[in-house]
Amino acid sequence: MSSTSPQPLLVVMGVSGSGKSTVGAALAAALDVPFQDADPLHPASNVAKMAAGIALTDDDRMPWLALVGAELSAAAASPGGSGTGLVMACSALKRAYREAILAAAPTARFIYLEGSRELIESRLENRHGHFMPSSLLGSQLATLEPLESDEPGITVELRAGEPPVELVARIVSGITAGDAV
């Protein structure tokens, strides 16, 4: 990205196990902007609930989403010039959650990582050391409201076995064209 053009504010979204952190970090590197995972922004009470297999409520999520929006907003603006830009990995499962993020960071765009339940389950079965148990996938899928055509962003179909570098190339192409990839 050129230093004179605004740096991107991108939220890589999807259910747990969709690859938000891996893809987000690779996308940030490709765009030469910082990467941040939204998980550490959760208060300890949210992490404890999820670790215990308890799905979060909207009330649990809203303070966390405010922090996500604030981080994106801070990356959008800086005194005396354009901001650093940011790629944020954040589930952003409901439209209302994305609207909360956009209220703080109106230039943010979403990259929805869409995958089949079978693909996501297989990824979760092979993931270790994360506080989000695979048992909560059903509640996340029930909560999920896919990105709509009138929302800023693109939908990216996950392909089994696709290397992250190829997925990132599709995303970069898609955000340039504004199409689903």
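**Exercise 1.** In this predicted model, decide whether R170 and E162 are buried or exposed, and find out how R170 and E162 are linked.

*Solution.* Start with the surroundings: R170 is buried, and E162 is buried too. For E162, the relative accessibility is 16%, and buried means under 20%. Next, look at the side chains: R170 and E162 form a salt bridge, with 2.7 Å between the closest N and O atoms.

**Exercise 2.** Work out which salt bridge E162 makes with R159, and how accessible R159 is.

*Solution.* First, check the distance: the side chains of E162 and R159 meet in a salt bridge at 3.8 Å, N to O. That fits the cut-off of 4 Å. Then turn to R159, which is partly exposed at a relative accessible area of 42%.

**Exercise 3.** Find which residues are joined into one network by salt bridges that share partners.

*Solution.* Follow the shared partners, and you will find R95, R98, E99, D150 and E151 joined into one network.

**Exercise 4.** Explain why the salt bridge between D60 and K49 ties together separate parts of the sequence.

*Solution.* Begin with the contact itself: the side chains of D60 and K49 form a salt bridge of 2.7 Å, N to O. Now place each residue: D60 sits in helix α3 (residues 58–76) and K49 in helix α2 (residues 44–51), so the pair links parts that are 11 residues apart in sequence. Finally, compare the surroundings: D60 is buried, with a relative accessible area of 17%, whereas K49 is partly exposed at 25%.

**Exercise 5.** State how many salt bridges a search of the whole structure finds.

*Solution.* Searching the whole structure gives eight salt bridges.

Notes. Residues are numbered from 1 along each chain as its sequence is written. This is a predicted model: local features need pLDDT of at least 70, side-chain atom pairs count only at pLDDT 80 or more; totals for chains, interfaces and linings use all residues. Side-chain values use heavy atoms; hydrogens and water are left out. Helices (H or I, at least four residues) and strands (E, at least two) are DSSP runs, numbered from the N terminus. Buried means under 20% relative accessible area, exposed over 50%, partly exposed in between (1.4 Å probe, protein chains only).
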